[in-house]
Amino acid sequence: MAEQKERREISEAELAKHNTEEDCWIALHDLVLELPKDFLEEHPGGGDVITCLAGKDVTTDYEDIAHSDTAREWTSKYIIGYKEGADEAAKTKLVPKSSEVGGGAGGGVGPLVPAVLVLVLAIIASSSSRSEIRGKAFANSAKKTLSVCGVGSCACGRDFAGQSAGAQQQQQQQEQ
């Protein structure tokens with residue numbers, strides 16, 4: 001396994017080259033991991049959630065999921081190196097436990113994600129219902145304009161079906 005290899009410094013450019021299911025590297029807390037196919041197949045979330053991020057730093061995504069300490073130990077077995085410019089500790093450290101990254105049972109801002117999602121959805125719903133109200137108000141005022149002037153057009157010279165006033169007159173003449 002990768003734990004038997006001596007760690008080496010790995011550049012962002014080199015990391016980015018390993019971005020497929022067959023050759024999957026990720027960076028996590030300044031550590032670079034080489035994840036074999038069997039790891040991807042055994043991953044509880046499925047291999048696709050990892051391979052879509054292959055060749056990149058996944059620290060934020062990893063912590064947002066709130067991985068258990070058991071998962072962190074399992075992940076540490078695949079460390080092959082450390083990111084270029086990482087501090088000296090990266091040469092020997094493991095993937096940090098959840099308590100070391102700001103959460104006893106989980107990770108980072110994980111619990112805030114659902115709350116923020118609810119807030120965003122509420123804002124979207126509110127603005128779309130306001131748009132519907134504005135759209136209905138415009139349609140009602142357009143109907144009033146039709147009844148006042150008696151012509152199916154507005155100030156822009158188009159009727160409400162999208163025809164220009166000239167095209168509408170030609171169509172009326174052809175129908176007669």
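Ile50 is in contact with Cys24, Ile26, Leu35, Phe39, Leu40 and His43, once its neighbours within four places in sequence are left aside. The model in which these contacts are found is a predicted one. Ile50 belongs to the largest nonpolar core, a set of 18 residues, and is listed there with Leu33 and Leu35 as having the most contacts inside the core. Strand S2, strand S3 (31–35), helix H2 and strand S4 each supply at least two residues of this core. A second core, separate from that one, has six residues, among them Leu15, Ala27, Val32 and Ile80. In soluble globular proteins, nonpolar side chains tend to be buried together.

The wider layout of the chain helps to place these cores. The chain has seven helices and four strands. Their order along the sequence is β-α-β-β-α-α-α-α-β-α-α. Of its 176 residues, 29% count as buried. Among contacts with a separation of 6 or more, 64% are between residues 24 or more positions apart. The accessible surface of the chain is about 11400 Å², and carbon and sulfur atoms hold 56% of that surface.

Helix H5 (residues 69–76) shows how one element sits between cover and surface. Which residues of helix H5 are buried? They are Ala71, Arg72, Thr75 and Ser76. Seen down the axis of H5, these buried residues fall within an arc of 140 degrees, so they line one face of the helix. An α-helix has 3.6 residues a turn, so residues three or four places apart point the same way. The cover over the buried residues of H5 includes S2, S3, H4 and S4. On the face turned away from the buried side, H5 carries the exposed residues Thr70 and Glu73.

The loop between S2 and S3 holds His29. Is His29 buried or exposed? His29 has a relative accessibility of 17% and counts as buried, because the cut-off for that class is under 20%. Not counting residues up to four places away in sequence, His29 touches Thr59, Glu63, Lys93, Pro96 and Val101.

Charged side chains make a further set of links. How many salt bridges does a search of the whole structure find? The search finds six. One of these salt bridges joins the side chains of Glu21 and Lys37, with 2.8 Å from N to O. Glu21 lies in the loop between helix H1 (12–17) and strand S2 (24–28), and Lys37 lies in helix H2 (residues 37–42), so the pair ties together parts that are 16 residues apart in sequence. Both partners are partly exposed: Glu21 has a relative accessible area of 34%, and Lys37 has one of 39%.

Lys83 forms a salt bridge with Asp57, and their closest N and O atoms are 2.8 Å apart. This pair links distant parts of the chain, with Lys83 in strand S4 (residues 79–83) and Asp57 in the loop between helix H3 (48–51) and helix H4 (59–65), 26 residues apart. Lys83 is buried, at a relative accessible area of 13%, whereas Asp57 is partly exposed, at 34%.

Glu88 and Lys91 form another salt bridge, in which the closest N and O atoms are 3.3 Å apart. Glu88 counts as exposed, with 57% relative accessibility, while Lys91 is partly exposed, with a relative accessible area of 37%. Elsewhere, salt bridges that share partners join Glu12, Asp57 and Lys83 into one network. Lys83 and Asp57 of this network are the pair already described in S4 and in the loop between H3 and H4.

Nonpolar side chains also occur at the surface. Val120, Leu121 and Ile124 form a nonpolar patch there, and together they have about 260 Å² of accessible area. Val120 lies in helix H6 (residues 112–149). With a relative accessible area of 40%, Val120 is partly exposed. Val120 can take part in such a patch because patches are made of residues with over 30% relative accessible area.

Conventions:
Residues numbered from 1 in each chain as written. Predicted model: local features only at pLDDT ≥ 70, side-chain atom pairs only at ≥ 80, totals over all residues. Heavy atoms only, no water. Patch = residues over 30% accessible without salt bridge, like charges linked within 9 Å, V, L, I, M, F, W, Y side chains within 5 Å. Areas by Shrake-Rupley, 256 points an atom, 1.4 Å probe, with all protein chains shown as cover. Salt bridge = Lys/Arg side-chain N within 4 Å of Asp/Glu carboxyl O. Buried < 20%, exposed > 50% of the residue type's maximum accessible area, 1.4 Å probe, protein only. Core = buried A, V, L, I, M, F, W, Y, C linked by side-chain atoms within 4.5 Å. Contact = heavy atoms within 4.5 Å. Arc of directions from axis to C-beta.
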